[in-house]
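The following exercises concern the fold of a single protein chain. Each task is followed by a solution that proceeds step by step.

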Amino acid sequence: MKKSILLTLAASLACSAFAAPYLPQNGEYYETEDGYPLKFGPDAKTAGNVAFHRESSAIKAWATGYKDYKVGTNVLESWQTPEKALGTVKGDEYDVVVLGDGGSITLTFDNPITNGDGCDFAVFENAFSDKSGFLELAYVEVSTDGEHFVRFPNLYLGTSYIGPFDSHNPDLIYNLASKYGKNYGHGFDLAELEYAYNYMMSEGNEFSAEYTAEFLRNYNYVDINEINYVQIIDIIGDGKHGYTDSMGFDIFDPSDCIESAGFDLQGIGVINQLHNVPEPSACAAILGAIAIAFALKRRCSKK
Ligand SMILES: [Ca+2]
Ligand SMILES: [Ca+2]
């Protein structure tokens, strides 16, 4: 079923109506000989457009505040410190806020995120290594007004139950935070929301009715050029709680963990900001010019 939905590579996507199936915009897309998509996205170690190293120059700012931290189940109080998700990501697996099973949090930004070239922000989890596959997944939603949130279209191609310490195959995950290791943020491109909207309004919408209805209910309230809120929602992936991808397929995720269950958020890096901020060197030049102007004024006024 899932295979048939994703079988065809829509070569005509760019120039024609949005033929089914949905194919991620800008997503690297590999194909096996029989046409089955081998994986989404490049390897974290080689990726420039989807995985962002925490020290990447592409990241211009970090989340500055939070609201609505809703703690899920199976998480000790010592992990419940939302401030740890603010500011720079250090690549420290303990410097996180743990959401717990089914928990969520919304991060805020002094300077709104805007839709610029490529990915616009990156979400950092705390997976121990880039290749281990021990990942805990979450939905990612954005909002302009803090009330209406739109969820990024997401796909999960895995079909097996995942125990407390079992591994995902990251190649089968698309647009869920995060499939990369602790030093890499998972990039999200706001342009994809507009793309998904157009896809929904066209024939051949392969998204689930629930996902489509919720998306359309909120989309008109969201300005992709001014995102003030990013919400991260842990997925309970035991196959019993109804957590599905955008096409309605079960998402499997480590379950039955104790003490620090669910998504571990290190932080969110901003790549494209609404308001331009001068580069540090430019700031220094401006401050220098102001200092000289003051000095000259003092000299003039002494005369
Ligand atoms: Ca973008
Ligand atoms: Ca989970």
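**Exercise 1: An open sheet**

Determine which residue of β7 stands opposite G65 and place this pair in its sheet.

Step 1. G65 faces T108, which lies in β7. Helices (H or I, at least four residues) and strands (E, at least two) are DSSP runs, numbered from the N terminus.

Step 2. The model is predicted: local features need pLDDT of at least 70, side-chain atom pairs count only at pLDDT 80 or more, and totals for chains, interfaces and linings use all residues. Residues are numbered from 1 along each chain as its sequence is written, while chains are lettered from A and ligands numbered from 1 in the order in which they are written.

Step 3. β5 and β7 (residues 104-113) are joined over 4 bridges in the antiparallel sense; two strands pair if DSSP finds at least two bridges between them.

Step 4. The open sheet holds 5 strands in the order β5-β7-β14-β9-β10, with antiparallel pairing. Its edge strands, each paired on one side only, are β5 (65-70) and β10 (150-151).

**Exercise 2: The environment of strand β13**

Establish how many residues of strand β13 are buried, and which strands pair with β13.

Step 1. A residue is buried if 20 or more other C-beta atoms lie within 10 Å of its own, exposed if 12 or fewer, and partly exposed in between; C-beta atoms are placed from the backbone.

Step 2. In β13 (residues 184-188), 5 of the 5 residues are buried, so the strand is largely enclosed by the rest of the structure. Y184, H186 and F188 point one way, and G185 and G187 the other way.

Step 3. Strand β3 (residues 51-53) runs antiparallel to β13 and is joined to it by 3 bridges; here A51 stands opposite H186.

Step 4. Strand β8 (residues 121-124) also pairs with β13 over 3 bridges in the antiparallel sense, and the bridge partner of V123 is again H186.

**Exercise 3: The nonpolar core**

Identify the residues that touch the most other members of the largest nonpolar core.

Step 1. A nonpolar core is a set of buried Ala, Val, Leu, Ile, Met, Phe, Trp, Tyr and Cys residues joined through C-beta atoms within 7 Å.

Step 2. The largest core has 69 residues, of which A122, A138, V140, V230 and I232 touch the most other members. Strand β14 (residues 227-234) supplies the largest share, 5 residues.

Step 3. Beyond its neighbours within four places in sequence, A122 is in contact (C-beta atoms, placed from the backbone, within 7 Å) with residues including F52, G185, H186 and G187.

How values were computed
Contact = placed C-beta atoms within 7 Å.
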